[in-house]
Amino acid sequence: VVVAGHKAVAADGRLRRSPPNGKALAGHDMLVNVEDITDLAGFPLLWRWTQETHAMLEPDELASIRPIRPGKARSICQRIARMPRVPREPGERRLVRADTDRLVVGQWLQDRVPEYEAEILLLWDQDTGALVPRRLFIDRWDDFWYPSSDDLGVLGTVGEWQLEMYHHGMFEFLALGAGQSR
């Protein structure tokens with residue numbers, strides 16, 4: 001049953017997102033079950049978006065962040081680690097320094113994160129992940145990634161691509177499952 005855009009709920013109750021052609025890489029569908037979603041109040045990084053010393057997200061923005069349970073984050077990290085990854089195209093790397101214009105980086109992200117991705121998956125480490133609306137991430141990327149402390153993995157929910165945001169400021173946009181049949 002299609003809910004909105006490319007979101008669908010499978011018969012087993014899992015949320016599924018798919019690219020416009022409806023095809024994900026074989027065996028790489030990044031399903032997040034409803035039971036994988038946890039309460040934002042217990043999310044270990046909530047302070048980043050609720051303290052004036054960091055960022056104050058609007059209530060609707062906060063409500064749109066959907067943390068996933070640590071076990072699910074770990075299984076996705078392990079799955080991604082086994083997949084081939086290659087830069088999608090030349091120019092898919094960007095150095096981001098503290099003085100880099102956030103709007104320029106936002107446009108770079110806008111040009112790369114596929115529009116069919118209503119939500120994307122952010123993974124800070126093997127136990128900390130959340131589904132976040134694409135638009136919120138692009139507009140406020142620097143509230144989700146902190147230079148010098150975060151290595152943030154950003155994934156499409158069907159496992160076609162990955163953005164690695166390294167703590168030293170290099171961003172790399174990668175194709176996942178390169179060389180595999182679609």
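Strands β8 (residues 119-125) and β10 run antiparallel, with 4 bridges joining them. This is a predicted model, and β10 is a good place to start reading it. All 5 of the 5 residues in β10 (residues 152-156) are buried, so the strand is largely enclosed by the rest of the structure.

**β10 and its neighbours**
- On the β8 side, Leu122 has Val154 of β10 as its bridge partner.
- β10 also pairs with β11 (residues 161-165), again antiparallel and over 4 bridges.
- In that pairing, Leu152 is matched with Met165 of β11.
- The β10 and β11 hairpin leaves 4 residues between the strands, and Gly159 there takes a positive phi near 80°.

**Two covered faces**
- One side of β10 carries Leu152, Val154 and Gly156, and the other carries Gly153 and Leu155; every one of these is buried, so both faces are covered.

**The nonpolar cores**
- The largest nonpolar core holds 31 residues, and Trp49, Phe137, Phe144 and Leu163 have the most contacts inside it.
- At least two residues of this core come from each of α3 (102-112), β8, β9 (128-133), α4 (134-139), α5 (141-144), β10, β11 and β12 (170-176).
- Setting aside residues up to four places away in sequence, Phe137 touches Leu109, Ile120, Leu122, Val132, Phe144, Leu152, Val154, Leu163 and Met165.
- There's also a second, separate core of 12 residues, with Val32, Ile68, Leu121 and Leu123 among them.

Notes
Residues are numbered from 1 along each chain as its sequence is written. This is a predicted model: local features need pLDDT of at least 70, side-chain atom pairs count only at pLDDT 80 or more; totals for chains, interfaces and linings use all residues. Side-chain values use heavy atoms; hydrogens and water are left out. Buried means under 20% relative accessible area, exposed over 50%, partly exposed in between (1.4 Å probe, protein chains only). Two strands pair if DSSP finds at least two bridges between them. A nonpolar core is a set of buried Ala, Val, Leu, Ile, Met, Phe, Trp, Tyr and Cys residues joined through side-chain atoms within 4.5 Å. Contact means heavy atoms within 4.5 Å.
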